[in-house]
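Me: I should like to learn how to read side-chain and strand features in a protein model. Please give the general idea first and then the case at hand.

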Amino acid sequence: MADSSSPWWHSLRRPMDLGGACLRAPYVTALLACFAVLTLRSHERIAHAHLWAEDGPVFLADALAHGLGATFKPYAGYLHIVPRLLAWGLSRLPIEAFALGLAWVLLAINAAVFALIARVRCRWLVPHDGVRVLLAVAFCFLPGTWEVMGNLANLHSVLFYGVMLVALQDLERPLGISDAALLLAAATSAGEGVLMAPVFFLRGLLRWRDGQPLRSVLWEGLAAAVLAVPAGVNMVLFRQSGMAAADFTAWPLPRMAEHLWNTFSVRFVLYPVIGEAGTRSYFHRSLVVRLAIAVGFIAVLVLGLRRVPARPRALLLSACACAFLLIPLTWYVRAGAAEHPSFGVFSNPIVMPGRYMLFAFPAALILWVAALTRFRAVLGAALCVCVVGLAFSRWTFEPWGPEQDWTPAARIIRATRETPGAQAEVPINPPGWRVPVHGAPPPAP
């Protein structure tokens, strides 16, 4: 047995020094790292720029047809103001530059949002700057990023997590102008952002209990209102859209509870630690083994979170709970979503690239990193590195689909718009999606 007085004993007990515990510009570092990673992962999409889903028939087509007048036009039951403004701005460029310009702008926005966790304002949650930079980079490798990164159709999902990251910042620092801009962008473009409103109410309550100035408390209340008011508008728009709500609320209670537990266990307990293969293997084990694994992981998580100071822990847990509510909300507003194979028992790796896989994972990863770094910073860093390493098999974001040359599509769009009375439908990705294009009105007789 080693002598407890020996230098070797003390060196073994000394925490590993990762370096980078206090960076000069952690947000800028994370922003550049995330942008570089997303660019490298998207290199094929940049080389073969084209459009995905609603980016063509909804955002581009409406921008070409209505200009700024399309800004407040609802789609699928709610507003998309930021995507429409971006589509309008890029449509002012030569049409040949639209697809590539869209890719660059959106990758920059995605990187800027993911990097928010690295800000100094989040030191109270994860004190080590280097670990938070790694955490921001790990966001870029979570399942679901294949479909979500680099398109307007899924920008609302990224903005939603931007709201969550704003809600997790230090209560000793007031909300800034950039925070307000992000909250407004999410409120008017990501209807699900209303789920984070209770976290801002909690922030206001904590500020009031701390005796902070009334102005600080009111700013938190205003942030919650900014998220809640457009949600009321979206509720009206959803009803007017005629979209049928799903039947999830009519499920028998045992089936509903099982579905919720399986989804929760995958998103918050299993996948962030053991990855895709481990999670699939988990569901092939006996009930006793599954319970033992889940209880063990939850125990580690609880022990780590108990070391997090009370206020950041309360905000983190409330934010994670609100992020999880995004899943049953999706099951309610999108028919058939509750039966999607990315929810419930995780067994099909085909669903990994889909947007539903991203739901709740950023919150879960923050939860685990915050807990593990309270034991040792190296544990939180190792988890982030593992997330990146386990995603190696899906490193590259392949082109959106078979349509990979925007130049012919742009040529058709330009020619159609310049021909009075002409009409065309330009194919985009995925197969079956098309951009309707109309020419100038024919001259009066």
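**Reading rings, a pocket and a hairpin**

Reply: Let us begin with a charge over a ring, for which NZ of Lys or CZ of Arg must be within 6 Å of the ring centre and within 35 degrees of the ring normal. Here the charged end of arginine 45 sits over the ring of tryptophan 400, 3.5 Å from the ring centre. Likewise, arginine 355 lies over the face of tyrosine 356, at 4.7 Å from the ring centre. The model is predicted: local features need pLDDT of at least 70 and side-chain atom pairs 80 or more, while totals for chains, interfaces and linings use all residues. Numbering runs from 1 along each chain as its sequence is written, and side-chain values use heavy atoms, without hydrogens and water.

Me: How is a pair of aromatic rings described?

Reply: The description rests on the distance of the centres and the angle of the planes. Rings of Phe, Tyr and Trp (its six-membered ring) pair if their centres lie within 6.5 Å; planes under 30 degrees apart are stacked, over 60 edge-to-face, and the rest tilted. The structure holds 20 aromatic pairs. One of them, tryptophan 331 with phenylalanine 343, is edge-to-face, at 5.4 Å centre to centre and 80° between the planes. Tryptophan 331 belongs to helix H15 (residues 310-333) and phenylalanine 343 to the loop between H15 and helix H16 (361-373), so the pair ties together parts 12 residues apart in sequence. Helices (H or I, at least four residues) and strands (E, at least two) are DSSP runs, numbered from the N terminus.

Me: Are tryptophan 331 and phenylalanine 343 buried or exposed?

Reply: Both tryptophan 331 and phenylalanine 343 are buried, a term for under 20% relative accessible area, with exposed over 50% and partly exposed in between (1.4 Å probe, protein chains only). Elsewhere, ring pairs link Trp261, Phe264, Phe268 and Phe324 into a cluster.

Me: Which way do the side chains of strand S2 point?

Reply: In a regular strand the side chains alternate between the two faces of the sheet. In S2 (residues 434-438), Val435 and Val437 point to one face and are buried, whereas Arg434, Pro436 and His438 point to the other and are not. Strand S1 (residues 423-427) pairs with S2 in the antiparallel sense over five bridges; pairing requires at least two bridges found by DSSP. Alanine 424 stands opposite valine 437. The hairpin of S1 and S2 has six residues between the strands, and glycine 432 there takes a positive phi near 100°.
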